[in-house]
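The following exercises are to be worked through with the sequence and the model displayed side by side. Each task is followed by a solution in steps.

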Amino acid sequence: MKAAKITVAGTTYFLVMDGEAMFTIRDIYGGTRLMLEKMEQDTREGFLETCNAAAILAERGELVRRRLGYEPERIPERDDFALLTQPYEIVPLKRAIANAIKLGYGREITAPGDDEVDEGLEELNQKKNKIRRADYYRIAVLCGISPADALFMPPGEVFDLWELYLIAHGKGNNGEGN
């Protein structure tokens with residue numbers, strides 16, 4: 001489980017947005033978006049809403065810590081945050097709350113076979129050469145295209161013409177790979 005870490009008045013809290021926190025926030029605020037809107041106000045009410053949100057998420061974080069076998073700590077309350085948060089800690093606290101929400105709603109999607117590597121694609125990526133503008137113009141001129149016209153053509157078309165040029169002049173590999 002992912003948590004946002006925040007230190008307030010020398011005490012470190014882990015803010016966790018889990019299912020229980022989500023439903024608690026829905027019951028109190030109507031949803032996380034509405035909670036964040038109330039928190040963003042630069043007023044006493046906005047600060048108290050921030051403290052309340054921090055208390056909800058810190059409680060869930062503490063319960064997760066306990067479940068993972070850590071030594072139980074005191075579960076913080078809204079008043080703890082309201083009394084101990086210094087003015088310079090308000091913005092980091094709001095960011096930590098937003099980060100905890102983002103982490104809680106975030107998903108790591110791994111499809112079966114994600115660890116497989118496409119060797120052909122890897123080989124193609126390794127063979128990519130960087131071409132300079134002068135080389136591009138030279139290729140275009142050799143293929144009978146003016147540099148101005150080449151600039152308006154898709155690069156793939158120019159390189160296809162280059163492959164045909166090489167084949168026509170006996171320098172290509174006739175499409176048999178490199």
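Helices (DSSP runs of H or I, at least four residues) and strands (DSSP runs of E, at least two) are numbered from the N terminus. Residues are numbered from 1 along each chain as its sequence is written. The model is predicted, so local features need pLDDT of at least 70 and side-chain atom pairs count only at pLDDT 80 or more, whereas totals for chains, interfaces and linings use all residues; side-chain values use heavy atoms, with hydrogens and water left out.

**Exercise 1. Confidence and architecture**

Task: State how many helices and strands the chain contains, and where confidence is lowest and highest.

Solution.
Step 1. The secondary structure consists of 9 helices and 2 strands. In sequence order, the elements follow the pattern β-β-α-α-α-α-α-α-α-α-α.
Step 2. The pLDDT, which is the predictor's confidence in each residue from 0 to 100, averages 84 over the chain, and 83% of the residues score at least 70.
Step 3. Helix α6 (residues 119-127) has the lowest confidence, with a mean of 62, while α3 has the highest, at 93.

**Exercise 2. The setting of E62**

Task: Locate E62 in the secondary structure, decide whether E62 is buried or exposed, and list what E62 touches beyond its sequence neighbours.

Solution.
Step 1. E62 belongs to helix α3.
Step 2. Buried means under 20% relative accessible area, exposed over 50%, and partly exposed in between (1.4 Å probe, protein chains only). E62 is buried because its relative accessibility is 6%.
Step 3. A contact requires heavy atoms within 4.5 Å. With residues up to four places away in sequence not counted, E62 touches F14, E71, P72, E73 and I75.

**Exercise 3. Salt bridges of helix α3**

Task: Which residues do salt bridges that share partners join into one network with E62, and which side chain meets that of R60 in a salt bridge?

Solution.
Step 1. A salt bridge is a side-chain nitrogen of Lys or Arg within 4 Å of a carboxyl oxygen of Asp or Glu. The whole structure contains 5 salt bridges.
Step 2. One of them pairs R60 with D18, at 2.9 Å from N to O. Because R60 lies in helix α3 and D18 in the loop between β2 and α1, this pair ties together parts that are 42 residues apart in sequence. D18 is buried, with a relative accessible area of 14%.
Step 3. E62 forms a salt bridge with R65 (2.8 Å, N to O). These two residues are 3 residues apart in helix α3, and so are separated by about one helical turn. Both E62 and R65 are buried.
Step 4. E62 also meets R66 in a salt bridge (3.0 Å, N to O). E62 and R66 are 4 residues apart in helix α3, about one turn of the helix. R66 is partly exposed, with a relative accessible area of 32%. Through shared partners, salt bridges join E62, R65 and R66 into one network.

**Exercise 4. Nonpolar cores**

Task: Give the number of residues in the largest nonpolar core and identify the element with the largest share of this core.

Solution.
Step 1. A nonpolar core is a set of buried Ala, Val, Leu, Ile, Met, Phe, Trp, Tyr and Cys residues joined through side-chain atoms within 4.5 Å. In soluble globular proteins, nonpolar side chains tend to be buried together.
Step 2. The largest core has 26 residues, and L15, M35, L57, F81 and I97 have the most contacts inside it. At least two residues of this core come from each of β1 (4-8), β2 (11-15), α1 (19-29), α2 (32-39), α3 (44-67) and α5 (90-105). Helix α3 supplies the largest share, 8 residues.
Step 3. Apart from neighbours within four places in sequence, I97 is in contact with L15, M35, M39, T50, A53, A54 and L57.
Step 4. A second, separate core has 10 residues, including M153, V158, Y165 and L166.

**Exercise 5. Burial and long-range contacts**

Task: What percentage of the residues count as buried, and what percentage of the contacts with a separation of 6 or more join residues 24 or more positions apart?

Solution.
Step 1. The chain has 178 residues, of which 30% count as buried.
Step 2. Among contacts with a separation of 6 or more, 53% are between residues 24 or more positions apart.
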